[in-house]
Structures are given as C-alpha cells and as structure tokens.
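Good morning, and thank you for coming. I should like to take you through one protein structure this morning, beginning with a term that we shall need throughout.

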Amino acid sequence: RQAIALNPNYPHALKNLGILAADNGRIAEAEGLFLRAKEILGRTAMSPYVNLGNIYEMTGRLGDAIRMYETAVAIKPEFGANWYALARLRVQSGDPGGVSVALANAIALDPGWRAKAAQDAVFQALRQSDPQVRRLLQD
C-alpha cells in the first residue's frame, strides 16, 4: 500500500494488491486493481490479462476469461501455461473448437503439459471423443 501511496499508478503494486485481495476473497477489489494495471500497461505485459482471466474463471465468466487469455497469449505466445489455461477454458465453456490448437501450443512449448492434460479431468471427455486431442496426449 505504501507503493500505491507514493505512486497510485504503479502497476506491479496494483498487481500484488490485486493478488492479495483475490486470495482474501475480495474479488471485486481484485478485479478493479487488475483492470487499473491493465489500463496502465496496455498490451505490453501479459500479467494483468492472466490475473483478470483467473478472476473471471473463478466467478464463472468464462467468455471474459477466454478473451483475457487470448490477449495474454498474443502478448507472450511463448508462455505455455497461458495456452494450457486457454485450452481448459474452451472446454469448460462448451466451445472445444480451439482446444487442440491451444493444447498443441502448450505441449510444443513444454512437453510436461501433455502429462498434465492426460490427467486433467477437464479434458476427460475430449480424450475419448476428439481424435486431435487424443493424438496430442498420446505422442
């Protein structure tokens, strides 16, 4: 809070305060802090988008979460965790259309995502019904 008192537009302090607020169940406050950080940083940093994506996923706003993660992967496509989160959100939202692309990108960046997805209950139905997802998880 001292950093914010000195500079109310310090994005890293806003992010950290947002994480603390979210951890303490103050979701609306966290969202506001992350939105301010996003406004300040614009499309130069992925973290506000990831943090907002997490908040939106927690509150069931899956469409908003997907948009935030899509922006995060556009900003930093080499970060596999965001591709994985995007794949999970697509399944959860009932729109599995982009799952295989997002999952393939995550696995290409870090093959460890394959094992995680193979055990992840979110992907269970697709492991059996979607040949592309099944192939990705068997390689």
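A residue is called buried here when its relative accessible area is under 20%. Please keep that cut-off in mind, and note also that this is a predicted model.

Let me begin with the overall picture. The protein contains 10 helices and 0 strands. Read from the N terminus, its elements therefore run α-α-α-α-α-α-α-α-α-α. The C-alpha trace spans about 55 × 25 × 20 Å along its principal axes. Of the 139 residues in the protein, 43% are buried. As for contacts between residues at least 6 apart in sequence, 44% of them join residues at least 24 apart.

I turn now to helix H6, residues 80-92. How many of its 13 residues are buried? The number is 10, and H6 is accordingly described as mostly covered. The buried residues are Gly80, Asn82, Trp83, Tyr84, Ala85, Leu86, Ala87, Leu89, Arg90 and Val91. What do these residues pack against? Their partners are H4, H5, helix H7 (99-109), helix H8 (112-119) and helix H9 (124-129). With regard to length, 13 residues at 1.5 Å a residue should span 18 Å, and the end C-alpha atoms of H6 are 19 Å apart, which agrees. After H6 comes glycine 94, which has a positive phi, near 85°.

Two residues of H6 deserve individual attention. Glycine 80 lies in this helix, and it counts as buried because its relative accessible area is 9%, below the 20% cut-off. Beyond its neighbours within four places in sequence, glycine 80 is in contact with Ala106, Leu109 and Trp113. Its C-alpha atom is 6.9 Å from that of asparagine 105, although the two residues are 25 apart along the chain. Alanine 85 also belongs to H6. Its relative accessible area is 14%, so alanine 85 is buried too. From alanine 85 to valine 99 the C-alpha separation is 10.0 Å, with their positions 14 residues apart in sequence.

Since H7 has been mentioned as a partner of H6, let me add one residue from it. Serine 100 is located in helix H7. Is serine 100 buried or exposed? With a relative accessibility of 10%, it is counted as buried. Setting aside residues up to four places away in sequence, serine 100 touches Gln132, Val133 and Leu136.

Next, I come to helix H4, residues 47-58. H4 consists of 12 residues, and its first and last C-alpha atoms are 16 Å apart, close to the 16 Å expected at 1.5 Å a residue. Its buried residues are Pro48, Tyr49, Val50, Asn51, Leu52, Gly53, Ile55 and Tyr56. The cover over them includes helix H2 (11-23), helix H3 (27-41), H5 and helix H6 (80-92). Just after H4, glycine 60 adopts a positive phi of about 80°.

How does H4 lie relative to H5, residues 62-75? The two axes come within 8 Å and cross at roughly 160°. H4 is therefore roughly antiparallel to H5, an angle over 145 degrees being the criterion for that term. The crossing of H4 past H5 is left-handed. On the H4 side, the residues that meet H5 are Tyr49, Val50, Leu52, Gly53, Asn54, Tyr56 and Glu57. On the H5 side, they are Leu62, Asp64, Ala65, Met68, Tyr69, Thr71, Ala72 and Ile75. Sorted by class, this contact has 10 nonpolar, 3 polar and 2 charged residues.

Finally, consider H2 and H3. Their axes also come within 8 Å and cross at roughly 160°. H2 is thus roughly antiparallel to H3. The crossing in which H2 passes H3 is left-handed. From H2, the residues in the contact are Pro11, Leu14, Lys15, Leu17, Gly18, Ile19, Ala21 and Ala22. From H3, they are Ile27, Glu29, Ala30, Leu33, Phe34, Arg36, Ala37, Ile40 and Leu41. By class, the contact of H2 with H3 comprises 13 nonpolar, 1 polar and 3 charged residues.

To close, I would recall two points from this predicted model. H6 has 10 of its 13 residues buried. H4 is roughly antiparallel to H5, because their axes cross at roughly 160°. Thank you for your attention.

Methods:
Residues numbered from 1 in each chain as written. Predicted model: local features only at pLDDT ≥ 70, side-chain atom pairs only at ≥ 80, totals over all residues. Heavy atoms only, no water. Axes fitted to C-alpha atoms, helices over the stretch in contact; angles between N-to-C directions. Helix = DSSP H or I, 4+ residues; strand = E, 2+ residues; numbered from the N terminus. Parallel < 35°, antiparallel > 145°, perpendicular 65-115°, else oblique. Left-handed = near helix turned anticlockwise from the far one by under 90°. Contact = heavy atoms within 4.5 Å. Nonpolar A, V, L, I, M, F, W, Y, C, P; charged D, E, K, R; others polar. Expected span 1.5 Å × (residues − 1). Buried < 20%, exposed > 50% of the residue type's maximum accessible area, 1.4 Å probe, protein only.
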